[in-house]
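Welcome, and thanks for opening your viewer. Let's take a short walk from the whole chain down to single residues.

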Amino acid sequence: MNSFVHKTLVVQLLAHGTGRCPVLAHLSYDADDPFAVTAVFAHDGRVLARWRLDRQMLCDGLERPVGVGDVRMRPEAAGLWQELRLEFLGDARPDGGRHHAVVLAWAPAVAAFLRETHRVVPPGRERLPVDELLAEILSTAE
């Protein structure tokens, strides 16, 4: 069975003054890191940002507002169009504020991606190789 899931979506970056700007979101999931989804946002062949997201938080964000730190998600509807709103707070700016990005993704596409990840590692069946990780850390400490 394949332990890797990848999906590329066209999402909308909300840009101040210009409205929505389409960018690519490359979502990937690897069973070796079962709690995380990596999202790489790109435009014109350039990587704009890379975020590691909690898979369960992404699932929950499709249903209700979640997140209190640098990443926040919530469902958003525009008529029949269902979206997932992702808000990212980045590094500090020289003026003392923080960089802030808002991305809107088509919710059914994100849900389909998550269903594929659940086929690879069902929720509640995630496993981290803690013993192997500790052995590796201790072996390099000598």
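How many helices and strands are there in the protein chain? Switch to a cartoon view: this predicted model has three helices and seven strands. Follow the ribbon from the start of the sequence and you will pass them in the order β-β-β-β-α-β-β-β-α-α.

**The whole chain**

Zoom out for a moment. The C-alpha atoms fill a box of roughly 55 × 40 × 30 Å along the principal axes. Now turn on a surface: the accessible area comes to about 9000 Å², and 56% of that belongs to carbon and sulfur atoms. Of the 142 residues in the chain, 32% are buried. Among contacts with a separation of 6 or more, 35% link residues 24 or more positions apart.

**Helix α2**

Select residues 107-120, which make up helix α2. Try a distance between its end C-alpha atoms: they are 20 Å apart, in agreement with the 20 Å that 14 residues should span at 1.5 Å a residue. Show side chains next. Buried residues here include Ala-107, Val-110, Phe-113, Leu-114 and Thr-117. An α-helix has 3.6 residues a turn, so residues three or four places apart point the same way. What do the buried residues of α2 pack against? Colour these elements to see the partners: strands β1 (4-15), β2 (19-30), β3 (36-43), β6 (81-92) and β7 (98-106), together with helix α1 (55-61).

**The core**

Select Leu-53, Leu-58 and Leu-86 next. These residues have the most contacts inside the largest nonpolar core, a group of 30 residues. Helix α2 gives the most to this core, with six residues. Stay on Leu-86 and show its neighbours: leaving aside residues up to four places away in sequence, Leu-86 touches Leu-53 and Leu-58, as well as Arg-72, Met-73, Ala-101, Val-102, Val-103 and Ala-105.

**A patch on the surface**

Move to helix α3, residues 130-140, and find Leu-134 there. Leu-134 forms a nonpolar surface patch with Ile-137 and Leu-138, and together they have about 300 Å² of accessible area. Is Leu-134 buried, exposed or partly exposed? Its relative accessible area is 45%, so Leu-134 counts as partly exposed, since that value lies between the 20% and 50% cut-offs.

**Last stop: a loop**

Finally, select Asp-44 in the loop between β3 and β4 (46-54). Most residues other than glycine have a negative phi. Asp-44 is not a glycine, yet its phi is positive, at about 55°. With a relative accessible area of 68%, Asp-44 is exposed.

Methods: Residues are numbered from 1 along each chain as its sequence is written. This is a predicted model: local features need pLDDT of at least 70, side-chain atom pairs count only at pLDDT 80 or more; totals for chains, interfaces and linings use all residues. Side-chain values use heavy atoms; hydrogens and water are left out. Helices (H or I, at least four residues) and strands (E, at least two) are DSSP runs, numbered from the N terminus. The expected span of a helix is 1.5 Å times one less than its number of residues. Buried means under 20% relative accessible area, exposed over 50%, partly exposed in between (1.4 Å probe, protein chains only). Contact means heavy atoms within 4.5 Å. A nonpolar core is a set of buried Ala, Val, Leu, Ile, Met, Phe, Trp, Tyr and Cys residues joined through side-chain atoms within 4.5 Å. Patches are made of residues with over 30% relative accessible area and no salt bridge: like charges are joined within 9 Å, nonpolar side chains (Val, Leu, Ile, Met, Phe, Trp, Tyr) within 5 Å. Accessible areas come from the Shrake-Rupley method with a 1.4 Å probe; for residues, only the protein chains shown count as cover. A salt bridge is a side-chain nitrogen of Lys or Arg within 4 Å of a carboxyl oxygen of Asp or Glu.
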